[in-house]
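Trainee: Could we go through the packing and the cysteines of this protein together?

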Amino acid sequence: MLYSRYFIPTLKETPSDAEVVSHQLMLRAGMIRKLAAGIYNYLPLGLRSIRKFENIVREEMNRAGAIEMLMPSVQPAELWQESGRWTFYGKELLRFKDRKESEFCMGPTHEEVITDLVRREIKSYRQMPVNFYQIQTKFRDEIRPRFGLMRGREFIMKDAYSFDVDGSAADESYDKMYQAYMRIFERCGLKFRAVEADTGSIGGSSSHEFMVLAESGEDAIVSCDSCHYAANVEKAEARPDQLDDKVAQLPLEKVATPDKKTIADVADFLGLPSDRTIKTLIYTSGTGDLVMALLRGDHELNEIKLKNSLCWEEIQMASEEQIMAVTGSPIGFLGPIGLKVKIPIIADLGIQGLANTVVGANEKDVHFTNANLERDFQVDRFIDLRNVVSGDACPRCEQGKLEMWRGIEVGHVFKLGTKYSKALNATYLDADGKEQILFMGCYGIGIGRTVAAAIEQNHDKNGIIFPIPIAPFHCSVVALNTKDKGVMAEAEEIYFKLEKCGIEVLFDDRDERPGVKFKDNDLIGIPLQMVIGSKGLAEGKVEVKIRKTGEVLFLPIEDAIAHIQQLVGSSLNYE
């Protein structure tokens with residue numbers, strides 16, 4: 001491709017409304033242009049990277065036995081009402097009516113559509129397992145679209161849906177997709193983690209998120225420094241500390257703690273470490289249900305874990321009026337002893353084994369010291385409730401410690417079970433002729449989001465540093481002096497030789513100063529650059545620059561071509 005004939009509208013200045021690096025660089029590199037809030041045109045350079053990634057995804061989906069199809073973007077309201085998500089999904093679901101006043105939505109996801117199709121077409125156990133996938137445009141009406149392709153309203157997504165006869169078979173389909181996702185992101189040359197995650201609004205029994213590691217990542221994740229355990233912080237567990245449960249129990253004592261409302265203030269006032277205090281929180285489902293949660297004072301509550309343990313659809317802090325009705329106390333002095341109204345008490349695993357702790361006395365400016373489980377208060381259930389922190393003991397191995405990372409979610413796989421098939425009555429006949437509910441899994445990858453995440457992970461002050469597999473071009477041939485016929489003739493010859501070898505080449509034939517060409521090629525992230533100038537040609541040599549390392553090699557022409565071939569080939573060959 002000739003640079004002079006291509007469309008790469010680079011920008012010298014960073015647009016003021018671009019907040020994150022990928023958004024800034026994709027605009028500056030001429031990859032995207034904004035049409036409306038969260039809606040972008042994909043320009044030729046950006047589309048090339050997107051198509052590269054799509055092809056990798058498609059190859060691995062096919063390799064895993066999934067079958068490509070395409071579903072409509074516009075979906076009838078009846079299906080969403082049947083599944084129960086028409087109101088539950090919220091304002092992100094873009095709803096509209098056609099000329100006949102029939103209600104529709106722009107599809108943010110396709111569980112309902114694929115389940116409706118399968119319930120009509122799949123009738124027998126002999127037709128399974130089956131897995132359908134598509135690469136298609138979705139729309140979610142984000143309240144605050146931002147960060148370019150990282151959080152847009154319209155976006156390209158690969159979604160797949162597996163259908164199986166039972167849970168065991170569904171687990172096998174899930175494992176195939178998990179391994180396919182591992183291969184996809186490995187092939188892209190990205191540093192990533194597959195982490196255990198909450199299922200969110202999609203639902204289901206379990207899931208994994210695939211996170212590209214980047215300092216700018218919105219999500220906090222943890223991984224073990226010794227084994228393969230990794231999880232989103234919403235899901236992450238830690239092995240509880242081993243505490244000495246043989247400590248003699250001291251008498252319960254009521255102590256004045258004037259104006260000491262926070263754990264830190266109370267612990268400091270009493271001269272005790274915060275891990276000897278118990279934090280008490282009261283939550284509501286929003287429909288009248290209340291629960292008290294207890295955890296160690298030096299730990300933070302994970303609301304997602306609490307919500308999931310209660311099977312609540314929503315969770316929020318109880319109001320001051322609700323708290324006063326249960327405890328008779330203002331916030332800051334709450335505790336599990338002497339409640340006015342009995343409500344369920346759930347405690348974190350870290351509470352077990354604690355002795356002689358400090359708890360609120362449900363009285364303004366008063367706390368109890370030497371409070372002990374069973375003797376002074378009871379707990380209905382112990383579960384993992386807290387956020388993990390760096391250095392916590394790994395829950396899966398004996399020697400590992402947890403490390404914290406920032407990540408960008410680019411893929412998500414779910415074990416849906418019968419959530420949608422039961423709601424939409426998607427059944428099949430088993431070997432005995434009995435009707436059974438289908439078991440489902442769903443598997444999504446953000447296409448444009450992954451390209452943006454790759455830029456977040458791979459860039460420097462000069463621009464993008466694309467991994468070769470998803471770079472718009474593998475190599476650029478930069479002719480330093482276009483008025484020198486010898487330089488142009490040799491550059492053109494090298495360009496044709498590289499293309500003949502299967503290398504995708506951008507031939508920078510523009511009549512521009514060398515500095516402009518170097519800046520543009522660095523900005524748009526071409527991984528390999530071959531520079532042809534008159535001085536080098538006098539010695540029969542050219543420069544080869546490796547964008548990622550900054551390494552510059554001065555090689556004979558044929559050696560340079562062979563070296564680029566080897567670098568591209570080793571990056572693209574994946575077994």
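Here is a short exchange on its nonpolar cores and its cysteines.

Mentor: Glad to. This is a predicted model, where local features need pLDDT of at least 70, side-chain atom pairs count only at pLDDT 80 or more, and totals for chains, interfaces and linings use all residues. Residues are numbered from 1 along each chain as its sequence is written, and side-chain values use heavy atoms, without hydrogens and water.

Trainee: Which element gives the largest share of the largest nonpolar core?

Mentor: A nonpolar core is a set of buried Ala, Val, Leu, Ile, Met, Phe, Trp, Tyr and Cys residues joined through side-chain atoms within 4.5 Å; buried means under 20% relative accessible area, exposed over 50%, partly exposed in between (1.4 Å probe, protein chains only). The largest one has 61 residues, and those with the most contacts inside it include Y181, I184 and F185. Helices are DSSP runs (H or I, at least four residues), numbered from the N terminus. The largest share of this core, seven residues, comes from α6.

Trainee: How many disulfides does a search of the whole structure find?

Mentor: A disulfide is a pair of cysteine sulfur atoms within 2.5 Å. The search of the whole structure comes back with a count of zero.

Trainee: What is the nearest cysteine sulfur to C224, and is C224 buried or exposed?

Mentor: C224 is in no disulfide, and the nearest cysteine sulfur lies 3.6 Å away, in C394. With a relative accessible area of 7%, C224 is buried. So the names you asked for are C394 for the nearest sulfur and buried for C224.

How values were computed:
Helix = DSSP H or I, 4+ residues; strand = E, 2+ residues; numbered from the N terminus.
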